[in-house]
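This report describes salt bridges in one protein model and then turns to a single glycine. The sequence and structure are shown first.

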Amino acid sequence: MSLAYITEKQLAISAVRRACLLTSSVFNKLVKNETLVKGDKSPVTVADYSAQAVISTMLHRAYPNDLIVGEEDASDLRTETDSLSSLRNRIVELANEALTAELGIGDIAEWGIGPGSEQNANQLLDAIDRGSYEGGRSGRMWTIDPIDGTKGFLRGEQYAVCLALIVDAQVQVGVLGCPNLPWDWLKPDGDKGCLFVAVRGQGAQQMKLSGADSAPLTMPPYTPSTFSFLESVEAAHSSHSTTSQISRIMGLTQSPIRMDSQAKYGCLVRGDGGAYVRMPTGVGYQEKIWDHATGSLLVTESGGIITDSRGLPLDFGLGRTLGENYGIIATVSDAHAKLLDAVQRVVKED
């Protein structure tokens, strides 16, 4: 019997890989070399738009009837001013550079990639705008986060390119690309660049950006003496004080590992850290589905459990956000009940 979603999986790997190479190119050309005025956010804008254009182009060529929930839209780019025209030209140049790159492992030319696959500006702007779908509970839709972790990207640290296929409100395929993540967390100066891939019912795996060296992922069992939290660098993104209180209640002694983006999910499922806890820092904040769709599937397919802080499953059928889901708690299955109890005690105290 053939495996489900085998083509979707390979397409997602191919699309994320090209977007990762594109974003790395933007960093080297526009951030590292400071060819733009310091503090200018255009490198992020260029990378976000270009990466979404590439991924959306490939998805549409392979599955023209599938809907897309993307973080960006191209309305501003259609304005005819000198500054926006220059920005648009950079986006077109970078997107075509990624689309026309030579075919690699698992690539298929019919997805609109490889030499001779250039797109004009209008085609690429239309590709970006396909991400305007509002989401829903039925049918097939893809979620794209072209650059998750803007500040990490600008610092040359951790960021992620995220793509997931959701069918009838359930995540079925997820690919997470982390261009700056060390292959081995304990060897920070070693090889960098990882893809994390999961398909529902088929497990999770890590591979290099090229698609080589695929290895299955299984989260290690709960061991209090080595258990540590993965959390955001920015306290404004998730409450560091809450995580500290949870550690105290659980009797944990390890310092948290802090990094930007969904790279935390990748580090969690391969055992670099024991849990990912994200508690809101403001009233009324709603998580976006593209920030957790891929990560949630990686967790469940590598032996973990992910819920909100009330123990409820994440609901990807409400639209572009997770609605009333409050907070994110992800860890290996034998630690989840302990972690959830500690989180709820802290929330009650607060």
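A salt bridge is counted here when a side-chain nitrogen of Lys or Arg lies within 4 Å of a carboxyl oxygen of Asp or Glu. The model is predicted, so local features need pLDDT of at least 70 and side-chain atom pairs count only at pLDDT 80 or more, while totals for chains, interfaces and linings use all residues. Residues are numbered from 1 along each chain as its sequence is written, and side-chain values use heavy atoms, with hydrogens and water left out.

**Salt bridges**

Side chains of opposite charge can pair when their charged atoms come close. Over the whole structure, 17 salt bridges are found. Three of them are listed below, each with its N to O distance.

| Basic residue | Acidic residue | N to O distance |
|---|---|---|
| Arg140 | Glu8 | 3.0 Å |
| Arg18 | Asp107 | 3.0 Å |
| Arg155 | Asp260 | 2.2 Å |

In the salt bridge between Arg140 and Glu8, Arg140 belongs to strand β2 (residues 140-148) and Glu8 to helix α1 (residues 6-31), so the pair ties together parts that are 132 residues apart in sequence. Helices (H or I, at least four residues) and strands (E, at least two) are DSSP runs, numbered from the N terminus. Glu8 is buried, with a relative accessible area of 8%, whereas Arg140 is partly exposed at 25%. Buried means under 20% relative accessible area, exposed over 50%, and partly exposed in between, using a 1.4 Å probe and protein chains only.

Arg18 pairs with Asp107. Arg18 is in helix α1 and Asp107 in the loop between α3 (82-99) and α4 (121-129), so this salt bridge ties together parts 89 residues apart in sequence. Both Arg18 and Asp107 are buried.

The salt bridge of Arg155 with Asp260 links distant parts of the chain, 105 residues apart: Arg155 sits in helix α5 (residues 150-155), and Asp260 in the loop between β9 (257-258) and α7 (263-269). Arg155 is partly exposed at 34% relative accessibility, and Asp260 is buried at 5%. Elsewhere, Glu8, Asp66 and Arg140 form one network through salt bridges that share partners.

**Gly193**

Where does Gly193 lie? Gly193 is part of strand β5 (residues 192-199) and is buried, at 4% relative accessibility. Contact means heavy atoms within 4.5 Å. Leaving aside residues up to four places away in sequence, Gly193 touches Cys178, Pro179, Leu181, Trp183, Met207, Lys208 and Leu209. The C-alpha atom of Gly193 is 11 Å from that of Tyr159, a residue 34 places away along the chain.
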